[in-house]
Amino acid sequence: MRVTLPDWKGTRLLILGDMMLDRFVQGAVRRISPEAPIPVVEVTSEKRVPGGAANVANNVRALGGEALLVGVVGDDRYGESFLDLLEQSGLDGSGILTVPGRTTTVKSRIIAQHQQVVRVDRENREPVAREVWDRLEAAVREALPHCGALVVSDYAKGVLTPAFLAVVGKMVREAKVAYVVDPKPIHFPYPGATVVTPNRQEAAGFYGRPFATVELVHVAADLFDRTDWDAVLFTLGDEGMALARRDEGIELLPTKAREVYDVTGAGDTVVAALALGLASGRPLMEAALLANAAAGVVVGKAGTATCSVAELREALGQGGS
Ligand SMILES: Nc1ncnc2c1ncn2[C@@H]1O[C@H](COP(=O)(O)OP(=O)(O)O)[C@@H](O)[C@H]1O
Ligand SMILES: [Mg+2]
């Protein structure tokens with residue numbers, strides 16, 4: 001099936017979810033610590049990038065669309081840094097609340113000689129207080145009619161709760177916009193979702209046990225029995241993806257990756273391209289093919305990467321047109 005690339009200029013998505021700060025601390029190892037049998041990393045540089053739901057927004061922008069972020073950070077130095085970085089990169093963080101007393105989610109990688117030595121996480125997974133989600137709900141309600149699709153980017157760090165997700169499902173139905181969910185098993189069943197994009201592990205969490213690719217038909221049937229979703233887009237790592245549409249069977253989409261360098265963040269690229277496709281009125285299968293092509297591009301790059309319009313055009317075999 002040949003898919004033409006939509007023009008996503010002016011297409012606006014609402015991204016609701018858990019914000020994170022990704023930190024990469026680089027250094028050199030010259031000796032072993034006298035205190036414990038561990039290397040001593042002498043820091044030479046530090047890089048910070050907005051991650052989590054903000055990485056979905058970054059992917060939307062790389063593909064030519066616009067994204068409004070809704071979520072929270074803490075009133076600490078990392079939250080401040082996160083908001084500064086958003087502003088510097090021109091991403092719209094006007095829907096992000098700074099919550100007093102909350103810890104900003106930070107994932108710090110300590111890297112020496114191109115190898116991760118350790119990852120250090122700071123986070124507070126507690127659900128945000130009622131008055132915070134009242135304000136998040138108001139932000140979503142106000143923005144939704146002006147957006148082509150809603151993406152929920154759920155890392156289970158406290159922004160999404162079952163009660164909030166129930167309200168989100170209702171708002172989405174009223175606004176009649178496409179609703180894409182990058183899920184976590186504990187928040188099943190995401191009422192009102194157009195399409196949910198579990199990876200193998202998340203899908204196993206929904207299903208109750210791990211499964212083989214040949215069993216996907218049963219997994220999909222079980223999920224459709226227990227939800228009101230239109231579709232499930234299973235992301236299957238090196239096997240690509242499988243699109244299951246309610247009452248329409250399931251189709252495998254083999255990966256388009258030519259070479260695999262780093263799969264970090266591929267799932268964020270998938271939801272970004274999928275939601276942009278749906279926002280521009282493409283049917284689910286076409287949106288999934290766009291997402292698969294975009295994912296194939298980013299896994300060929302180092303680190304948490306994004307796919308540009310030109311790269312997606314080339315991946316779709318429309319280079320130069
Ligand atoms: N090792 C890989 N080889 C080829 N393609 C991959 C690989 N890992 C991921 N992809 C592509 O990226 C998509 C999302 O990756 P996956 O690891 O399944 O999801 P997530 O990042 O959400 O865990 C896959 O559906 C596939 O298209
Ligand atoms: Mg995913």
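Helices here are DSSP runs of H or I with at least four residues, numbered from the N terminus. I note at the outset that the model is predicted.

**Entry: ligand 1**

I looked up which helices contribute to the shell around ligand 1. Helix 7 and helix 8 (284-298) each supply at least two residues of that shell. I then listed the surroundings of ligand 1 and found 18 residues, of which Asn199, Thr235, Ala266, Gly267 and Ala295 come nearest. I sorted the shell by class: nine residues are nonpolar, eight are polar and one is charged.

**Entry: helix 7 and its partner**

I followed helix 7 (residues 266-279) away from the ligand entry and looked at its packing with helix 1 (residues 53-62). The axes of the two helices are 8 Å apart and meet at an angle of about 55°. Angles from 65 to 115 degrees would count as roughly perpendicular and those under 35 as roughly parallel, so helix 1 is oblique to helix 7. I recorded the crossing of helix 1 and helix 7 as right-handed.

Next I wrote down the residues in this contact. Helix 1 brings Asn55, Val56, Asn59 and Val60, and these meet Asp268, Thr269, Val271, Ala272 and Leu276 of helix 7. By class, the contact of helix 1 with helix 7 has five nonpolar residues, three polar ones and one charged.

**Entry: four-stranded sheet**

I traced an open sheet of four strands and read its order as 3-2-6-7, with mixed pairing. Strand 3 (39-52) and strand 7 (115-122) are the edge strands, each pairing on one side only. On average, neighbouring strands of this sheet are turned by 20° against each other, with direction ignored.

I checked one pair in detail. Strand 2 (residues 19-32) and strand 3 run antiparallel and are joined by 13 bridges. Within this entry I also noted that Arg23 stands opposite Arg48 in strand 3.

I then asked which helices lie across these strands. Helix 1 lies across strand 2 and strand 3, at about 65° to strand 3. Helix 2 (residues 77-88) lies across strand 2, strand 3 and strand 6 (106-112), and runs at about 60° to strand 3. Helix 1 therefore appears in two of my entries, since it packs with helix 7 and lies across strand 2 and strand 3, its angle to helix 7 making it oblique to that helix.

**Entry: hairpin**

Last, I looked at strand 12 (residues 241-245) and strand 13 (residues 250-253), which run antiparallel with four bridges between them. Met241 stands opposite Leu253 in strand 13. Strand 12 and strand 13 form a hairpin with four residues between them. In the turn, I found that Asp247 has a positive phi of about 60°.

How values were computed:
Residues are numbered from 1 along each chain as its sequence is written. Chains are lettered from A and ligands numbered from 1 in the order in which they are written. This is a predicted model: local features need pLDDT of at least 70, side-chain atom pairs count only at pLDDT 80 or more; totals for chains, interfaces and linings use all residues. Axes are lines fitted to C-alpha atoms, for helices over the stretch in contact, and angles run from 0 to 180 degrees between N-to-C directions. Angles under 35 degrees count as roughly parallel, over 145 as roughly antiparallel, 65 to 115 as roughly perpendicular and the rest as oblique. A crossing is left-handed if the near helix is turned anticlockwise from the far one by less than a right angle, and right-handed if clockwise. Two residues are in contact if their C-beta atoms, placed from the backbone, lie within 7 Å. Ala, Val, Leu, Ile, Met, Phe, Trp, Tyr, Cys and Pro count as nonpolar, Asp, Glu, Lys and Arg as charged, and the others, Gly among them, as polar. A residue is near a molecule or strand if its C-beta atom, placed from the backbone, lies within 6 Å of it. Two strands pair if DSSP finds at least two bridges between them.
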